[in-house]
Amino acid sequence: MSASREKKQRQGKTAPAAAASAGKGKTIGYAVLAAVIVIAVVALLVWNSGLFQGRTTAVTVNGRNYSPAQVEFYYYNARYQESLNSMYASMYGGTASYDSSVDPREQTYSTDSETGEVTTYHDYFLSSAKESLVELTALLDAADAEGFKLTAEGEEAVKEALDSMDNAWAAAGYSSRTTYLRAVYGPYMTYGRYKQCVRDAQLASDFYTAKSESLTYDDAALTAYYTEHKDDLDTIGYAYLFFNGEAESTTDEEGNTVEPTEEQKKSAMDAAKSKADAALASWQAGTAFEDVVAAQEPTNSTESSTALGKNLSATYNKWLLDSGRTAGDTTVMESSNGYYVVRFLSRERVETPTVNVRHILVKAETPVDDPATTDVDESQNAPSDEQMQAAHDEAQRIFEEWQNGTATEESFAALAEQYSDDPGSNENGGLYTERPQNYFVQSFNDWCFAEGRTAGDTGLVENTTSGQYGWHVMYFSDHANPVWKNTSRDALKNEDLQEWLDGLKEGLEAVDADGLKYVATL
């Protein structure tokens with residue numbers, strides 16, 4: 001065989017093997033490509049699920065790492081509160097500053113008057129969340145250092161919060177708990193993270209409460225504090241009329257709003273001052289308050305009001321708190337949008353004692369809602385005479401059950417927990433402590449503060465307040481501190497608690513981490 005023919009034969013034998021080898025290489029290549037595609041799809045699914053983002057750190061405070069979900073827990077709480085504030089402002093004729101239907105990044109919260117720098121609502125909500133996390137960290141660190149754990153009441157509060165959330169998602173029509181949590185707190189919230197947020201917040205709250213309850217003050221301390229802060233703590237009696245001095249905007253031919261000119265604004269304020277001056281003269285001349293109101297038609301007025309000095313309007317607080325002020329003094333005060341006519345009535349350190357009282361509320365049944373009137377709120381319907389009588393009879397039965405037993409305050413408390421319809425006290429023996437005069441509805445208040453009321457007094461009191469119709473079984477525990485002492489104690493305690501909390505937070509700051517970019521994403 002010639003050399004050339006032998007070469008061709010060798011080539012013929014090796015060609016199929018070479019082809020097979022080439023085919024195998026392509027198969028391996030396709031397999032690798034398919035594996036890469038599968039990995040990419042899985043990675044994309046994981047990314048879209050939020051699993052990766054949710055595990056990142058968004059903010060760090062003193063070594064504690066907080067995930068995007070934990071930041072959003074406080075971010076959306078601040079956003080929800082602002083939505084409520086705007087809703088209430090609209091309901092009562094005010095201006096709603098925040099629109100929950102618009103991206104917070106596109107709404108101005110404030111503008112620096114010097115630099116012109118704009119803070120958006122997103123900036124504000126995020127800043128609020130960070131402040132909450134700094135405070136949370138300070139309290140958790142201090143609690144850990146003292147070995148403080150959730151109280152039994154705290155554990156129960158956590159359970160109730162989680163149960164409430166479970167009821168909420170079902171009632172709101174969501175398909176699952178997770179879907180609801182993500183709708184409320186963002187795409188990275190899970191049940192486990194929500195539960196941790198709730199537990200941390202409750203632990204911090206319990207620790208703060210424990211600190212508050214540990215602060216006590218003797219009479220000497222309260223008297224000294226009151227003497228130093230009497231302008232804040234005295235109760236001021238006063239009356240006022242307000243005359244609106246705002247110029248109204250108009251509408252042009254094309255329906256556009258035209259804001260008032262400076263001249264129109266001045267004219268409106270001048271007109272308000274003229275009305276205020278006329279009312280002042282009439283009032284000082286002895287015209288009855290209601291007649292002054294009727295003649296001048298102010299937009300707002302009150303014949304008699306009381307407030308602690310620290311809660312008075314900045315417009316007229318200095319005038320009312322002047323040490324030389326005497327009953328009947330009256331003046332006109334300018335505000336940013338009108339004029340007040342203000343009369344000083346009284347100033348006192350309130351010596352009236354507060355009361356500790358227990359009660360058992362038996363609410364009267366009310367008429368059943370009429371299904372034909374779905375657009376009418378019938379929850380405030382007054383019960384019939386028969387229904388009120390039935391409530392009285394039940395209250396009398398409970399009262400007699402107590403009388404026929406040991407008839408002690410402890411046994412009354414047990415019956416309150418068994419029978420009372422008052423959600424504000426039926427878990428603590430029906431007890432209200434250190435309540436001032438006029439805290440309760442009129443009939444309840446009159447019984448508590450009746451002359452000669454003494455510890456151990458009992459009785460039945462009718463309640464005809466809308467939505468609270470029924471009868472109370474009453475047990476008077478005793479009188480407590482006068483109002484001024486409680487006011488002084490609460491103010492002093494608040495100052496001491498704030499100083500303590502500021503000390504815990506000193507040096508702490510929320511440090512941004514990479515995961516912050518996932519917070520409040522749209």
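One cavity of 30 Å³ or more is present in the structure, which is a predicted model. A good way into this protein is through its empty spaces, followed by its surface and its charged pairs. Rolling a probe the size of a water molecule over the atoms shows where empty space is left.

The largest cavity holds about 30 Å³ of space. Around this cavity stand Y66, Q70, Y74, L133, L136, C197 and D200. Readers who wish to find the cavity in the model can look to the helices: at least two residues of its lining come from each of α3 (68-91), α4 (121-146) and α7 (191-214). By character, the lining of the largest cavity comprises five nonpolar residues, one polar residue and one charged residue.

The largest pocket, with about 520 Å³ of space, comes next. Its lining is made of 21 residues, and those closest to the pocket centre are T235, V350, P436, Q437 and V483. Four elements give two or more residues to this lining, namely the strands β8 (300-308), β10 (338-348) and β11 (353-363) together with the helix α16 (483-505). Among the contributors to the lining of the largest pocket, α16 gives the most, with six residues. The pocket lining is of mixed character, with seven nonpolar, nine polar and five charged residues.

Attention now turns to the surface. M87, Y88, M91 and Y92 together make a nonpolar surface patch of about 490 Å². One member of this patch, Y92, sits in the loop between α3 and β3 (108-111). Y92 counts as exposed because its relative accessibility is 69%, and the cut-off for that class is over 50%.

Two further loop residues are worth a visit. N311 belongs to the loop between β8 and α12 (317-321). With a relative accessible area of 53%, N311 is exposed. Although N311 and I236 are 75 residues apart in sequence, their C-alpha atoms are 9.7 Å apart in space. The other residue, G456, is found in the loop between α15 (442-448) and β13 (458-463). Here the relative accessible area is 34%, so G456 is partly exposed. A separation of 49 residues in sequence lies between G456 and A407, while the distance from C-alpha to C-alpha is 9.9 Å.

The charged side chains offer a third view of the model. Across the whole structure, a search finds 23 salt bridges. One of them joins D166 and R177, whose closest N and O atoms are 3.4 Å apart. This pair links distant parts of the chain, with D166 in helix α5 (residues 152-171) and R177 in helix α6 (residues 177-185), eleven residues apart. Both partners can be placed by their accessibility: D166 is partly exposed, with a relative accessible area of 24%, and R177 is partly exposed at 30%.

A second salt bridge is formed by R347 and D231, with 2.6 Å between the closest N and O atoms. Distant parts of the chain are linked here as well, since R347 lies in strand β10 and D231 in helix α9 (residues 230-233), 116 residues apart. R347 counts as partly exposed at 27% relative accessibility. Its partner D231 also counts as partly exposed, at 38% relative accessibility.

A third salt bridge lies within a single helix. The side chains of K273 and D277 meet at 2.9 Å, N to O. K273 and D277 are four residues apart in helix α10 (residues 262-284), and therefore they are separated by about one helical turn. The relative accessibility of K273 is 34%, so K273 counts as partly exposed. D277, at 32% relative accessibility, counts as partly exposed too.

Finally, salt bridges can also join into groups. In this predicted model, a network of salt bridges links R64, D141 and D144.

Terms used: Residues are numbered from 1 along each chain as its sequence is written. This is a predicted model: local features need pLDDT of at least 70, side-chain atom pairs count only at pLDDT 80 or more; totals for chains, interfaces and linings use all residues. Side-chain values use heavy atoms; hydrogens and water are left out. On a 1 Å grid over the protein atoms alone, a cavity is a set of points where a 1.4 Å probe fits but cannot get out, and a pocket is an open set with protein on both sides within 12 Å along at least five of seven lines; lining residues have an atom within 4 Å of a point. Grid points are joined across faces, edges and corners, and a volume is the space filled by probe spheres set on the points. Ala, Val, Leu, Ile, Met, Phe, Trp, Tyr, Cys and Pro count as nonpolar, Asp, Glu, Lys and Arg as charged, and the others, Gly among them, as polar. Patches are made of residues with over 30% relative accessible area and no salt bridge: like charges are joined within 9 Å, nonpolar side chains (Val, Leu, Ile, Met, Phe, Trp, Tyr) within 5 Å. Accessible areas come from the Shrake-Rupley method with a 1.4 Å probe; for residues, only the protein chains shown count as cover. A salt bridge is a side-chain nitrogen of Lys or Arg within 4 Å of a carboxyl oxygen of Asp or Glu. Buried means under 20% relative accessible area, exposed over 50%, partly exposed in between (1.4 Å probe, protein chains only).
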